[in-house]
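You asked for a colleague's reading of this model before you take it further. The points below are numbered so that each can be checked separately against the coordinates.

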Amino acid sequence: MIGHETTPVTTGTTGRDEVFRVEEHGIDPIPDAERHGSAKDVFWLWFGSNLTFTYVINGALAVAFGLSFWQATAVVVLGGLSFLAIGAAGLSGVRTGTATLVISRAAFGVRGNWPAGLLNWIVSIGYTVVNTVVGTLALEAFFADLGWHGGHLSRALALAVTLTLTFAVALWGHATVQFAERWMAYVLAIGFAALLVLVLPGADTSAPSAAPGAAGWSIAFVVMLAGPFSYVPMPADYTRYLPRTTSLKAVTLSGGLGGFLSSVALGVAGVAAATQDDMTDAVAGAASLLPGWFQPLFLALVLGGSVTNSIITLYSSSLNLQVLGIPWSRARAIVISAAVTAAGSLGALFLTDFTTRSSPSSPS
């Protein structure tokens, strides 16, 4: 049982969960006296963290699999509805006051839960690395639009900025994560709404499907479900501070609606873009459909979306490490995740480039 296991406890005694103050709790249960907030906080968390360019890519892939505009849009909507399950999964955090992977110990035990915890940590870091690389390349392109072509120097600066934005918010912890997701959501929602207005009118809604067959439909559904269900190991991480009286209905609808709105809006933008241009390189393909004045803003949106998504995966990874038995506070444990993310991002951005350039078999 959960209550019979020894879990790492963070340092500190006040337990205050405040913006721009390092969170003191980790996977230890949040006392009722320290619970605060409401279900609408969950809306902003899932809405803001899913305003990421990944869903534009997912929508474009549905068309690439042979679906028509309306078929692909239907798949995007059905995929977005799965966020209701993610919202409902947050109820376990409300009832227990602890993280998702701690709760799963009740079914699997500490040792039985360890393989799933390790796999989830690896996957979380993988997602964070991908988002960091995408955000870095967008910021590097933004520098180029401003006239600075600094080569590896501009890329290194872009990586440093992207990592710093992500790490600082995740290090401060729960209250700052909620605050950042809400305020970044305001800005990103306006920007991506403009993107949708610019891209959607040119969509070819009458083009017939390319007879995708069962395989095309199945793969498209899997791609759409991959985003929402990648969050299965973390909903309670963000509801554990809510008052115990928060209702299942409120948590489900707030979380589900937040993820649904952002994922569906950006997925439809990807579908519309794919009916107009080659989206093999999704960022370049989408940018080619936009007026010149909007392209720097578009790159900023890609960066912002990458950061908002990385924040929650990096934050949850620190709780994940405590579940795996790291005897450190959450704030110290997150340094491990940040270091591995930085190393992976450096390898993806610089080592691969260096190897390609130096390989004798590579084209000149």
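**Notes on the predicted model**

1. Helix 7 passes helix 13 in a left-handed crossing. The model is a predicted one, and in it the axes of helix 7 (residues 105-145) and helix 13 (residues 295-323) come within 7 Å of each other and cross at roughly 160°. Because angles over 145 degrees count as roughly antiparallel, helix 7 is to be described as roughly antiparallel to helix 13. As for the composition of this contact between helix 7 and helix 13, its residues divide into 14 nonpolar, 16 polar and two charged.

2. A specific side-chain pair deserves a look alongside that helix packing. N309, which lies in helix 13, has a side chain that makes a polar contact of 2.8 Å with the side chain of N131. With a relative accessible area of 8%, N309 is classed as buried, the cut-off for that class being under 20%.

3. Helix 13 also packs with helix 9 (residues 174-199), at an angle of about 150° and with the two axes 10 Å apart. Helix 9 is therefore roughly antiparallel to helix 13, and the crossing in which helix 9 passes helix 13 is left-handed.

4. Which residue has a side chain in polar contact with that of E23? The partner is R330, and the contact between the two side chains is 3.3 Å. R330 lies in helix 14 (residues 330-358), and its C-alpha atom is separated by 8.0 Å from that of E23, although the two residues are 307 residues apart along the chain. A polar atom of the R330 side chain also lies 2.6 Å from the backbone oxygen of L171. Because its relative accessibility is 0%, R330 counts as buried, so anyone inspecting these contacts should note that they involve a buried arginine.

5. The aromatic residues form a further topic, with 17 aromatic pairs in the structure. In the pair of F43 and W44, the ring centres are 5.1 Å apart and the planes stand at 85°, so this pair is edge-to-face. Both F43 and W44 are buried. The pair of F69 and W70 is edge-to-face as well, with 4.9 Å from centre to centre and 90° between the planes. Here the two partners fall into opposite classes of accessibility: F69 counts as buried because its relative accessibility is 5%, whereas W70 is exposed, with a relative accessible area of 54%.

6. Beyond the individual pairs, one aromatic cluster is formed by F20, F43, W44, F47, W172, F179, W183 and Y186. The cluster thus includes F43 and W44, the two residues whose edge-to-face pairing was described above.

7. Two backbone conformations should be checked by eye, given the general expectation that most residues other than glycine have a negative phi. F20, found in the segment before helix 1 (40-49), has a positive phi of about 60° although it is not a glycine, and F20 is also one of the members of the aromatic cluster. A211, in the loop between helix 9 and helix 10 (213-229), likewise is not a glycine and has a positive phi, of about 50°. A211 counts as exposed because its relative accessibility is 65%.

8. The loop between helix 9 and helix 10 is also the place of L200, which counts as partly exposed at 33% relative accessibility. Where does the chain bring L200 and A273 relative to each other? Their C-alpha atoms are separated by 7.5 Å, while the residues are 73 residues apart along the chain.

9. A further pair that is separated along the chain consists of S92 and L248, which are 156 residues apart in that sense and whose C-alpha atoms are separated by 9.4 Å. S92 lies in helix 5 (residues 91-96) and, with a relative accessibility of 24%, it counts as partly exposed.

How values were computed:
Residues are numbered from 1 along each chain as its sequence is written. This is a predicted model: local features need pLDDT of at least 70, side-chain atom pairs count only at pLDDT 80 or more; totals for chains, interfaces and linings use all residues. Side-chain values use heavy atoms; hydrogens and water are left out. Axes are lines fitted to C-alpha atoms, for helices over the stretch in contact, and angles run from 0 to 180 degrees between N-to-C directions. Helices (H or I, at least four residues) and strands (E, at least two) are DSSP runs, numbered from the N terminus. Angles under 35 degrees count as roughly parallel, over 145 as roughly antiparallel, 65 to 115 as roughly perpendicular and the rest as oblique. A crossing is left-handed if the near helix is turned anticlockwise from the far one by less than a right angle, and right-handed if clockwise. Ala, Val, Leu, Ile, Met, Phe, Trp, Tyr, Cys and Pro count as nonpolar, Asp, Glu, Lys and Arg as charged, and the others, Gly among them, as polar. Buried means under 20% relative accessible area, exposed over 50%, partly exposed in between (1.4 Å probe, protein chains only). A polar contact is a pair of N or O atoms within 3.5 Å; within protein, one must be able to donate a hydrogen and the other to accept it, and residues adjacent in sequence count only if both atoms are side-chain atoms. Rings of Phe, Tyr and Trp (its six-membered ring) pair if their centres lie within 6.5 Å; planes under 30 degrees apart count as stacked, over 60 as edge-to-face and the rest as tilted.
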